[in-house]
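I set out to record a few local features of this model, entry by entry. The notes follow the order in which I looked them up.

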Amino acid sequence: MIFIVLPDIPTEDRLLAQARLANQEAIMEIYESYQPPIYQFIRMQVGDSSLAEDLTSDVFLKFIEAIQKGKAPRHSLRGWLFRVARNRVYKHYGKVKQFPTTTLEEWLPASSYDNPEVQFMRSLNIEQARKALRLLSAEQQEVIILRFGQLLSLEETADILGKRVGAVKSLQFRAVNTLRKILQQPGMEPI
Amino acid sequence: MVERDLVDALNDCIDRLAAGQTVNDCLRAYPQLADELHPMLEAGLIAQRARYGTGEVDVVRSRIRPQIELAAHNLQAPRRSQPQFRIMTALAAVIALVVVGVGILAESSLPGDMLYGVKLTTENARLFITNNALQETFAGRRMDEIRQLLALNREAQVQFQGKLTVITEMVWRVSDLEVVVPAGTVGATSVELGDWIAVEAFTTADGELVATHIQFIQDLETAIPQPTMTVVPPDVTNTPQPTSTPAPTITVTPVFTPTATDTVVLPAPTITPSPTAVCTPSIPQGWIPYVVQSNDTLASLAAILGSSAEQLMAANCITDPDNLEVGSVIYGPAYATGEDNTGTQIESTPNTIPQSESSGSGGGTVDNASDDDNSSDTEDNNESEDQGESDDDEESDDDESDGGYDDNSGSEASSPD
């Protein structure tokens, strides 16, 4: 496991300290704050809302279990929660690769400045967007969701994914280009 | 290298987006790479397009919330985390050092000196620590011997020690053993619930244990300062006085006879006439047992059992009709309503002390002597510290209700182990 030092968030740490002492209000506040991003993260990957619901509740129940066992994190709660969420998704689906990934050399050059590809992507509807995402490999989905979706920092994303920052940089590069390829497949045209 | 530049630029652009900048801001920052960056960024941004609506998110949050609340509610005080534990143990060490330090200072003190009381206390405490394990074994053995005597209806003089857990008008419970303590018993008024006491008593041919002397030994909860979460505030009035123990050999077990200095003397199996200080219950033929429930009164029992209050009192030797002990057995002619005695229907021998069938010597109380929930209280204290697990729930509850009444009801069968 690669340990990355993330900057502490004072309010989060205070809340976390209380939660570690089994303070119910603190625990519920954590739940209220973090359920949305955790749910999004899971939901975008699993595509089934009731499954996503179950997995999401698992994450917070695990948090409470960790408090009971004295193993809840002291810092970087968000990262901890995302890591648990990843685990839950993997447990359910396994780390299955779905769409062949691109290598660094295969990034697609843009055709012109007035870019039809860009226009196409902007015109995608929600369902197409979701469908395209789910065709990525698990890791690629995660990096896209965390970096572009949640706008988390490179360091925090690396911490959650258990990778070095350099590896995450490459991963996100590959992921966006794979996504572009997916979107160029037949069947992804605008309806 | 172009690709490397692109990888880095992409990353930087994502950071800019996270910081609130737009795609165009990023493209302006990297004009030569803009053509390549643009579709990459748009591709990544479909993650934002794919987001699920707050409606769905909120609904799910409400649906899950009860489970989370329940789990949070069921959280017990969690295990101590490492640094806190270390601080606590350090504190405990400091306290222990101070105690020992004062004790050392007091070492050379004499009766009348200011620190003499400290000397005795520390000696008692030290002996208590070292002897505690031993003492509990010896005490346990004495109890077993007494139970055997009672079972055999053998009369003997006995001595034992134990923790005083129940005091009623006539009967006390000392570490699981029931002792009849008649009014006027020496020392009976100077001890309280929770005390570790020594009892001098005798067993009767009717299987009763009757006290003659009571002596306070030690207040268990204040023996050693304990940095635990179930600390009972020390009772200042219970520090042993210098006069209660002989000076040269301080023992935790008090001396009853001039010769005994160590632990409790073995009961001598001699036959001595049993004083009839107590009423012997005489249950008429055909009367059946009934286990007292928590809201029973003598009057209601009389109705249920189809007798008069006076008859019940006389036959069962009920001296304090207002304090019927829950779980104790009262005999009566019949159940007037024909209803079952809930859950604890007992055949003719409810007591663990074997009696001859249906004869009148049933005694007023049931001793469910099989449980250890009283004698292992100090152990339970420690267990609930080290484990936050759910099966300690019951034990820590016992500790909390400890200084007070121990519920003697038949549901003790449910206690763990």
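Entry 1. I began with A:L151, which is partly exposed, at a relative accessible area of 30%. I located A:L151 in the loop between helix 7 and helix 8 (154-161) of chain A. I then read its phi, which is near 60°, a positive value in a residue other than glycine. I note that the model is predicted.

Entry 2. I looked up A:S76 next and found its phi near 50°, again positive in a residue other than glycine. The loop that holds A:S76 runs between helix 3 (49-68) and helix 4 (77-93) of chain A. Its relative accessible area is 22%, so I entered A:S76 as partly exposed, the cut-off for buried being under 20%.

Entry 3. I turned to helix 6 (residues 126-134) of chain A and asked which of its residues are buried. I listed A:Q128, A:A129, A:R130, A:A132 and A:L133. Against what do these buried residues pack? Within chain A, I found helix 2 (24-46), helix 7 (138-149) and helix 9 (165-184); from chain B, helix 3 (34-49) joins them. At the N-terminal end of helix 6 of chain A, I recorded A:N125 as the cap, with a side-chain oxygen 3.1 Å from the backbone nitrogen of A:E127.

Entry 4. In chain B, I examined B:T297, placed in the loop between strand 6 (288-291) and helix 7 (298-305). B:T297 is partly exposed, with a relative accessible area of 40%. I also computed the separation of the C-alpha atoms of B:T297 and B:L324 as 7.2 Å, the two being 27 residues apart along the chain.

Conventions:
Residues are numbered from 1 along each chain as its sequence is written. Chains are lettered from A and ligands numbered from 1 in the order in which they are written. This is a predicted model: local features need pLDDT of at least 70, side-chain atom pairs count only at pLDDT 80 or more; totals for chains, interfaces and linings use all residues. Side-chain values use heavy atoms; hydrogens and water are left out. Buried means under 20% relative accessible area, exposed over 50%, partly exposed in between (1.4 Å probe, protein chains only). Helices (H or I, at least four residues) and strands (E, at least two) are DSSP runs, numbered from the N terminus. Contact means heavy atoms within 4.5 Å. A polar contact is a pair of N or O atoms within 3.5 Å; within protein, one must be able to donate a hydrogen and the other to accept it, and residues adjacent in sequence count only if both atoms are side-chain atoms.
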